[in-house]
Amino acid sequence: MTTVVEKSIEVDVPVSTAYNQWTQFEEFPRFMGGVQEVRQLDDQRMHWVAQIAGVKREWDARVLEQVPDQKVAWAATEGATNAGAVYFQPVGAGRTMVRLHLEYEPEGLVEKAGDKLNIVEKQAESDLEKFKSFIESQGAETGAWRGSVGEGHGVGTPGVAHAAPSQGDSGKAGVSGTAVAAGAAAAGAAAAAGIAAAKHRTGDDGDRTPTTTTEADYVVTDVEVVPEPGTTTYPGGPVSEPNRPI
């Protein structure tokens with residue numbers, strides 16, 4: 001059965017600052033509980049690794065729509081089934097409302113038990129609070145990507161139907177004997193990110209380890225990736241943006 005989580009929070013930074021920080025996807029473990037690693041595979045795909053209370057989940061996600069200063073929408077293509085969107089809206093001078101909509105499917109007894117305890121909802125609320133504390137203490141974003149993905153394609157707010165290729169996938173779970181009711185939190189650990197769905201550009205491409213991944217069949221057709229006007233592009237992104245991965 002599909003579970004829906006909706007959370008929002010106001011942060012004391014301009015909308016561009018909040019949005020720009022959210023595009024720094026590989027920094028999500030700094031404020032997202034249970035997320036061990038996020039790897040950007042290309043302009044639209046990323047790989048997540050999360051572990052909470054002994055339950056490990058991995059999943060691949062694809063960005064379906066990204067509009068600067070407004071929205072990031074995603075859906076899982078393999079592993080833990082989840083989909084959703086994060087919205088950004090200015091609410092006054094130097095303030096931004098960050099709103100998360102997440103849908104996920106708990107799989108197995110462990111995750112279903114955790115779902116009844118609202119673990120994912122609590123994790124999402126906690127992670128948004130940590131994001132607020134992180135960006136307000138920084139005072140400025142650590143990087144940014146201002147390109148767009150699928151803008152104007154009418155994706156809306158994706159649900160688990162957009163994550164059909166991942167349905168029934170155990171998410172490569174590794175469950176310990178003490179991991180009762182913890183699995184659901186890992187399946188939605190990307191919640192504060194709108195989970196799984198934002199874009200990240202690392203600050204040091206030289207430290208990146210090449211990754212080999214297997215392409216999944218996607219539910220949606222290819223969408224156009226549009227760089228920020230005035231930049232020169234290469235396969236990893238605009239040349240003027242050193243934080244873009246290759």
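Visitor: In which element is Gln21 found?

Guide: Gln21 is found in helix α1, residues 15-22; helices are DSSP runs of H or I with at least four residues, strands are runs of E with at least two, and both are numbered from the N terminus. This is a predicted model, in which local features need a pLDDT of at least 70 and side-chain atom pairs count only at pLDDT 80 or more, while totals for chains, interfaces and linings use all residues. Residues are numbered from 1 along each chain as its sequence is written, and side-chain values use heavy atoms, with hydrogens and water left out.

Visitor: Why does Gln21 count as buried?

Guide: The relative accessibility of Gln21 is 0%, and buried means under 20% relative accessible area (exposed is over 50%, partly exposed in between, with a 1.4 Å probe and protein chains only); Gln21 therefore counts as buried. Not counting residues up to four places away in sequence, Gln21 touches Glu27, Phe131, Phe134, Ile135, Ala140, Glu141, Thr142 and Gly143, where contact means heavy atoms within 4.5 Å.

Visitor: What makes Trp48 and Trp59 a stacked aromatic pair?

Guide: Rings of Phe, Tyr and Trp (its six-membered ring) pair if their centres lie within 6.5 Å, and planes under 30 degrees apart count as stacked, over 60 as edge-to-face and the rest as tilted. Trp48 and Trp59 lie 5.5 Å centre to centre with 10 degrees between the planes, so both conditions are met. Trp48 lies in strand β3 (residues 45-52) and Trp59 in strand β4 (residues 55-67), so the pair ties together parts that are 11 residues apart in sequence. The structure holds 12 aromatic pairs, and ring pairs link Trp48 and Trp59 into a cluster whose members include Tyr19, Trp22, Phe131 and Phe134.

Visitor: How do you know whether Trp48 and Trp59 are buried or exposed?

Guide: Trp48 has a relative accessible area of 0% and is buried, and Trp59, at 1% relative accessibility, also counts as buried.

Visitor: What tells you how confident the predictor is in the protein?

Guide: The value to look at is pLDDT, the predictor's confidence in each residue, from 0 to 100; its mean for the protein is 73, and 64% of the residues reach 70 or more. Among the elements, α1 has the highest mean pLDDT, 96, and strand β11 (residues 233-234) the lowest, 35. Over residues 173-223 the pLDDT is below 50, although this stretch has 179 contacts in the model beyond near neighbours in sequence.
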